[in-house]
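Please look through the sequence and the model shown below before reading on. The report that follows moves from the whole chain to single residues.

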Amino acid sequence: MCNKCKGNFYITTPIYYPSAKLHIGHSYCTVATDAMARFKRLQGYNVMFLTGTDEHGQKIEDKAKEAGVTPKQYVDNIVEGPGGVLDLWKLMNISNDRFIRTTDDYHVEAIQKIFKKMYDNGDIYKGTYKGKYCKPCESFWTESQLIDGKCPDCGREVQDAEEEAYFFRLSKYADRVRDLLENTDYLEPRSRVNEMVNNFIKPGLEDLCVSRTSFTWGVPVDFDPGHVVYVWIDALFNYMTALGFENQAHNDLAEFWPADVHFVGKEIVRFHSIIWPAMLMSLDLPLPKKVFGHGWLNFNGEKMSKSRGNVVDPYVLAEHFGVDALRFFLLRTFPFGSDGNFTNEMLISTINVDLANDLGNLVSRTIAMAQKYFGEHLPAEQLSNPEMDDELVNLVATLRDRYEEQMEHFAFQNALAEIFKVISRANKYIDENAPWALAKDEANKPRLAKVLYNLLESIRVCAGLLLPFMPATSEEIMKRLGNPASDWDSLIGFGLLNPEVAAVAGPALFPRIDMEKELAVLEELSAQAKEPEEDPLPEPLPEITFDAFEKVEMTVVKVLACEAVKKSKKLLKFTLNDGSKEPRQILSGIAEFYKPEELVGKTLVAVTNLAPRKMMGQISSGMLLSAERGEKLNLIMLDDSVPAGSRLV
């Protein structure tokens, strides 16, 4: 560490499950973590910013099997392939210092050693697991923890699980963990503490199942073949293995551990605030200084989720609005500890008001006036007017302290609000001083020079403090100011900018967006990208009478022709013989599971008295019956001897 550094700072995001469809919600936590890391670097800290991917578990194994590839091939494609995790972080200008994958050899080696240590000290023991398991969340639950019989985190169905397993003595550490939560600031915001204590600790912490034998894609328990380590032990210790704990790949554990803060989504606070400290206590290791559980980024009031069909594509948004505008919106609009409701209207409005009208307008017209009235340089002779200048000057001079206080509390929204108070005041300062009027009289040139200097200095300080949020924009503004000092020490006070500053004009930083036009474009892109889906599986319906059932007409049909539907990855168009004189057309979302040519001649079953509906611009008259298993659909096929037009009774 250099003598000028203030110290070390270690910040992490959770390592992400490799999702085949990334959305803006995936970026939210990582952009916030990046802003905090850049802020600490700006302050002069030696920063380690870690992110990565959590690649083991049953759901990965199942998805790989469905895709016909190995689990490693499946995760490699999502992490390193086009449009994958690494591409998204590059797109969003994420400045992580290290990236860990739980399939990395050094991490696997370390997890085996960690598991064995907890086994040897008596905190892991063998038994039989019998209970409820949520595969999407990789979470074990007791009956009392379920909500309406479903996973309390994601709301999906859970399954009964019974298998030989190892258990971690989580109950042994219940009192110590409760004391940690209630009597320290280990977990923030404070509302998360109440959730953890009331929902999990007070009802009684049960020992945690920490191995599985029903699948193989995980870190093997090296002393007991057939067992793989529970993914949350595997995932949580990444924060230490990435620094060299129990491995030789890295050697900066002493430098950076304990972590200064883990940023995590509220849905995984339980793992980070209860299970994680308990396991560290088991190994007598230092605990991280803080876990901060941020809220969800919702879309029109619902959590973003591929299964809900409300995914917002960060690539589309970045292409249309710019990466910095997107980063700014995420942290300007939503308090980091609370849920935020994303809408395209709100995004465009924020860009137009804050970035185009306020920041962009301030930079553009100030530099344009400096060039118009003084050419290459402002003159050294400038005339202050305390009555008109002091409010802006004092606001700028004290901005860094107000901003710093908010950033230290992870209140990104408030830190940006402090910057935009100055930007708003600077725009008002232009109107108050009317540089265009001063320019009409040569005698007013010293005063005009001072007005423009005050504006340029205000812009410099604001641009320097915007760097954690909008790094490319901050750099561009500094270029237009002649690349003045923008280190931490230069951003306090007022007057560091060279009085003879040479400002250079450029294109608008953030052109105004036509709201109506852009929304129409986004809606069209969304319609093109969204694959038409069958209605989601409903909850079990009430019993119906036999008379009601008889109203459903199920008819045997023969496939005369079958072809893919243009611009759809999911739909196939069937031309069917239903026993009548005219062929029947039905569209069915099974293109992922069948090739059109292999279905010609097959005998299927269709509901033929459904009202026709339009899909991708084509009429579908009925519905083919299929069975669902996991995420795979299987058409109901009959023996070819059954004639078309026969009715199921």
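Of the 649 residues of the protein, what percentage count as buried? The share that counts as buried is 52%, and it should be kept in mind that this is a predicted model. The secondary structure of the protein comes to 22 helices and 24 strands, and the C-alpha trace spans about 100 × 70 × 40 Å along its principal axes. When contacts between residues at least 6 apart in sequence are considered, 75% of them join residues at least 24 apart.

**One helix and its ends**

Helix α12 covers residues 314–321, and its buried residues are Pro314, Leu317, Ala318 and Phe321. Seen down the axis of α12, these buried residues fall within an arc of 95°, so they line one face of the helix. A general rule helps here: an α-helix has 3.6 residues a turn, so residues three or four places apart point the same way. At the N-terminal end of α12, aspartate 313 acts as a cap, with a side-chain oxygen 2.8 Å from the backbone nitrogen of tyrosine 315. After α12 comes glycine 322, which has a positive phi, near 95°.

**The second largest pocket**

Which residues lie nearest the centre of the second largest pocket? They are Trp141, Thr142, Gln145, Glu206 and Asp207, which belong to a lining of 24 residues. The volume of this second largest pocket is about 430 Å³. Sorted by class, the lining has twelve nonpolar, six polar and six charged residues. At least two lining residues are supplied by each of β4 (124–134), β5 (139–141), β8 (208–209) and α11 (269–282), and β4 gives the largest share, with five residues.

**A buried histidine**

Helix α11, which supplies part of that pocket lining, is also where histidine 272 is found. Why does histidine 272 count as buried? Its relative accessibility is 1%, and a residue is called buried because its value is under 20%. The side chain of histidine 272 makes a polar contact with the side chain of tyrosine 239, at 2.7 Å, while a polar atom of the histidine 272 side chain lies 3.0 Å from the backbone oxygen of isoleucine 268. Leaving aside neighbours within four places in sequence, histidine 272 is in contact with Tyr186, Trp232, Leu236, Tyr239, Val264, Pro277 and Val291. Tyrosine 239 therefore appears both in the polar contact and among the residues in contact with histidine 272, where contact means heavy atoms within 4.5 Å.

**Four further residues compared**

The table sets out the place and the relative accessibility of four other residues.

| Residue | Place | Relative accessibility | Class |
|---|---|---|---|
| Threonine 53 | strand β2 (residues 46–53) | 0% | buried |
| Aspartate 252 | loop between α9 (238–241) and α10 (253–256) | 10% | buried |
| Alanine 437 | helix α18 (residues 435–438) | 38% | partly exposed |
| Leucine 610 | loop between β19 (603–607) and β20 (613–615) | 40% | partly exposed |

Threonine 53, in strand β2, touches Ile15, Tyr16, Pro18, Val79, Val85, Phe99, Ile100, Arg101 and Thr102, when residues up to four places away in sequence are not counted. Although threonine 53 and tyrosine 17 are 36 residues apart along the chain, their C-alpha atoms are separated by 5.8 Å.

Aspartate 252, which sits in a loop and counts as buried, is in contact with Met48, Arg98, Ala242 and Leu243, once its neighbours within four places in sequence are left aside.

How far apart in space are alanine 437 and serine 424, C-alpha to C-alpha? The distance is 21 Å, for two residues that are 13 apart in sequence. Leucine 610 and glycine 622, by their own figures, are twelve residues apart in sequence and 5.2 Å apart in space, again from C-alpha to C-alpha. Leucine 610 also touches Gly622 and Met623, not counting residues up to four places away in sequence.

Notes. Residues are numbered from 1 along each chain as its sequence is written. This is a predicted model: local features need pLDDT of at least 70, side-chain atom pairs count only at pLDDT 80 or more; totals for chains, interfaces and linings use all residues. Side-chain values use heavy atoms; hydrogens and water are left out. Buried means under 20% relative accessible area, exposed over 50%, partly exposed in between (1.4 Å probe, protein chains only). Helices (H or I, at least four residues) and strands (E, at least two) are DSSP runs, numbered from the N terminus. The arc is that of the directions from the helix axis to the C-beta atoms. A polar contact is a pair of N or O atoms within 3.5 Å; within protein, one must be able to donate a hydrogen and the other to accept it, and residues adjacent in sequence count only if both atoms are side-chain atoms. On a 1 Å grid over the protein atoms alone, a cavity is a set of points where a 1.4 Å probe fits but cannot get out, and a pocket is an open set with protein on both sides within 12 Å along at least five of seven lines; lining residues have an atom within 4 Å of a point. Grid points are joined across faces, edges and corners, and a volume is the space filled by probe spheres set on the points. Ala, Val, Leu, Ile, Met, Phe, Trp, Tyr, Cys and Pro count as nonpolar, Asp, Glu, Lys and Arg as charged, and the others, Gly among them, as polar.
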